[in-house]
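Here is a short note for a colleague who is meeting this structure for the first time. Please keep the sequence and the model open while reading the points below.

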Amino acid sequence: MLGIQCYAIFWLLISGYALQTLMAHTGPAADEEERQIWKDEMESMGKFMSAKSIGKTFLVMSVVLLLIDVMGFVLTYQYAEMRPWQLVVFYLVAAALFIDSLVDFVRMRKLMRAKEPDEVVACMSQYVEGTSSWNSVALIAVGGKCLLAVVLVLWTVFR
């Protein structure tokens, strides 16, 4: 049980950092200066690395984070005794995470196919656009993961 408790705290920290990062760069409180700094960093990365290597790096990071989240979902479902309305939230967050992952994989495929640095910047700037409708799905997924991580921590650590 100690391993599950440690994983619950680890997943909470990862999910909290992801929520903070998402809110800082794409949330409604993010200012245009912050977004421009992030776009400039991505543009310099696009000039330094090839699109294929950037896409592969993002793909590996996404798969690792998805595996961490899947393990957290499995442990939450197994160890947290949730009420019916909490199960609805659980499945909603799982669906949002699945949709967000599919959108990210499609974006990464486009990124890996880009030939020119301008195409790379255009593909990467989709991650920082504050007006994208996919950002709300990502916000539901990341916020829900953070909530489920709190539930897992409460059910395993303070049981």
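How are α1 and α3 oriented to each other? The points below come to that after a general view of the chain.

1. To begin with the overall layout, this is a predicted model, and its chain has six helices and zero strands. Read from the N terminus on, the elements therefore run α-α-α-α-α-α, as the assignment of helices and strands gives them. Taken along the principal axes, the C-alpha atoms fill a box of roughly 55 × 30 × 25 Å.

2. On burial and contacts, the chain holds 159 residues, of which 36% are buried. When contacts between residues at least 6 apart in sequence are considered, 81% of them join residues that are at least 24 apart.

3. On the record, an unreviewed UniProt entry lists residues 57–79, 85–106 and 137–158 under "transmembrane region". In the model, the span of residues 57–79 is 100% helix and 0% strand, and its end C-alpha atoms lie 33 Å apart. The span of residues 137–158 is 95% helix and 0% strand, with 31 Å between its end C-alpha atoms.

4. On the question posed at the start, the axes of α1 and α3 come within 10 Å of each other and cross at roughly 130°. An angle of that size falls outside the ranges for roughly parallel, roughly perpendicular and roughly antiparallel, the last of which begins over 145 degrees, and α1 and α3 are therefore oblique to each other. Their crossing is left-handed. On the α1 side the contact is made by I4, Y7, F10, W11 and I14, while α3 contributes L65, L67, I68, D69, M71, G72, F73, L75, T76 and Y79. Sorted by class, the residues of this contact of α1 with α3 are twelve nonpolar, two polar and one charged.

5. One residue of that contact can be followed further, namely I14, which is placed in helix α1. Is I14 buried, partly exposed or exposed? Its relative accessibility is 27%, and I14 therefore counts as partly exposed, given that buried means under 20% and exposed over 50%. Along the chain I14 and L65 are 51 residues apart, yet 8.9 Å separates their C-alpha atoms.

6. A further pairing joins helix α1 (residues 2–26) to helix α6 (residues 134–157), whose axes come within 8 Å and cross at roughly 155°. Because of that angle, α1 is roughly antiparallel to α6. The crossing of α1 and α6 is left-handed, and by class their contact has 19 nonpolar, seven polar and one charged residues.

7. Finally, helix α3 (residues 51–79) packs with helix α4 (residues 84–113) at an angle of about 170°, and their axes are 9 Å apart. This angle makes α3 roughly antiparallel to α4. The contact of α3 with α4 has 18 nonpolar, four polar and three charged residues when these are sorted by class.

Definitions and conventions:
Residues numbered from 1 in each chain as written. Predicted model: local features only at pLDDT ≥ 70, side-chain atom pairs only at ≥ 80, totals over all residues. Heavy atoms only, no water. UniProt positions renumbered as here; feature names shortened; annotations may be inferred. Helix = DSSP H or I, 4+ residues; strand = E, 2+ residues; numbered from the N terminus. Axes fitted to C-alpha atoms, helices over the stretch in contact; angles between N-to-C directions. Parallel < 35°, antiparallel > 145°, perpendicular 65-115°, else oblique. Nonpolar A, V, L, I, M, F, W, Y, C, P; charged D, E, K, R; others polar. Left-handed = near helix turned anticlockwise from the far one by under 90°. Buried < 20%, exposed > 50% of the residue type's maximum accessible area, 1.4 Å probe, protein only. Contact = heavy atoms within 4.5 Å.
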